[in-house]
Amino acid sequence: MEALRRMWSTLTHMFEVRGAPEVAAALRQAEPLNRSHLEQPDTLDHTVAGVRLVWRQGSKFGTAELRQLLEDVAEDDHLIIVCENMTVTARKELFRREGRTELFKGSELVLDIMNHVWYRKHIHVHLCTEQEVRAVCGSVGGADPDMQFPKMTTEDPVARYFGAVPGDVFRIT
């Protein structure tokens with residue numbers, strides 16, 4: 001239960017950092033972890049502010065379970081699945097889904113990387129808007145943003161924390 005509480009806290013902070021304070025506030029107020037009547041302590045399925053959080057511990061998350069879940073999810077909902085074991089077929093099917101979908105292992109969310117002791121507090125990471133990227137490119141001679149900035153992988157923990165997609169640019173100060 002403590003691990004689930006830490007994951008909830010990390011997800012709340014993650015949405016604050018992503019610029020979605022309304023989702024973070026709704027997550028804070030929902031607090032499904034304080035309910036003593038959780039029927040299944042190894043599962044959680046909760047929708048708040050257009051974000052559907054699904055957490056499974058232990059058993060494999062297979063294609064049949066995923067298809068059932070996707071039938072119940074609104075097309076415009078942001079879907080976050082936290083599980084340790086998802087079958088390869090289910091993973092492929094998940095990423096074919098239209099809309100915003102993220103998959104995390106529970107171990108990735110137990111520790112909030114932006115609040116970790118090794119994270120340098122004096123470094124600020126900011127996901128840039130299109131206008132900021134154009135301004136920076138214009139200040140260095142109008143170069144193509146794809147060619148002038150260092151690259152991050154989609155598996156980079158900070159990129160995943162911010163919900164970055166290919167083409168996003170971070171400003172680190």
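These exercises walk through the sheet, one histidine and one helix of a predicted model.

Residues are numbered from 1 along each chain as its sequence is written. In this predicted model, local features need pLDDT of at least 70, side-chain atom pairs count only at pLDDT 80 or more, and totals for chains, interfaces and linings use all residues, while side-chain values use heavy atoms and leave out hydrogens and water.

**Exercise 1. Take stock of the chain: how many helices and strands does it have?**

Solution.
- Count the elements: the chain has 8 helices and 6 strands. Helices (H or I, at least four residues) and strands (E, at least two) are DSSP runs, numbered from the N terminus.
- Then check burial: 37% of the 173 residues count as buried. Buried means under 20% relative accessible area, exposed over 50%, partly exposed in between (1.4 Å probe, protein chains only).

**Exercise 2. Work out the strand order of the open sheet and find its edges.**

Solution.
- The order is S1-S2-S3-S4, with mixed pairing. Two strands pair if DSSP finds at least two bridges between them.
- S1 (43-48) and S4 (101-104) each have a single partner strand, so one side of each has no neighbour in the sheet.
- Neighbouring strands are turned by 10 degrees against each other on average, direction ignored. Axes are lines fitted to C-alpha atoms, for helices over the stretch in contact; angles run from 0 to 180 degrees between N-to-C directions.
- Look at one pair: S1 and S2 (residues 51-56) are antiparallel over 6 bridges. His46 sits opposite Leu53 in S2.
- Now add a helix. H1 (residues 2-17) lies across S1, S2, S3 (78-83) and S4, at about 155 degrees to S2.

**Exercise 3. Is His78 buried or exposed, and what does its side chain touch?**

Solution.
- Place the residue: His78 is in strand S3.
- Its relative accessibility is 13%, so His78 counts as buried.
- The His78 side chain makes a polar contact with the side chain of Glu102 at 2.7 Å. A polar contact is a pair of N or O atoms within 3.5 Å; within protein, one must be able to donate a hydrogen and the other to accept it, and residues adjacent in sequence count only if both atoms are side-chain atoms.
- Beyond four places in sequence, the contacts of His78 (heavy atoms within 4.5 Å) include Phe15, Arg18, Val51 and Arg100.

**Exercise 4. Which residues of H4 (residues 88-95) are buried?**

Solution.
- The buried ones are Ala90, Glu93 and Leu94.
- They cover an arc of only 105 degrees around the axis, so they lie on the same side of H4. The arc is taken from the directions from helix axis to C-beta atoms.
- Val88 and Lys92 are exposed on the other side of H4.
- The cover over the buried residues of H4 includes H3 (63-72), S3 and S4.
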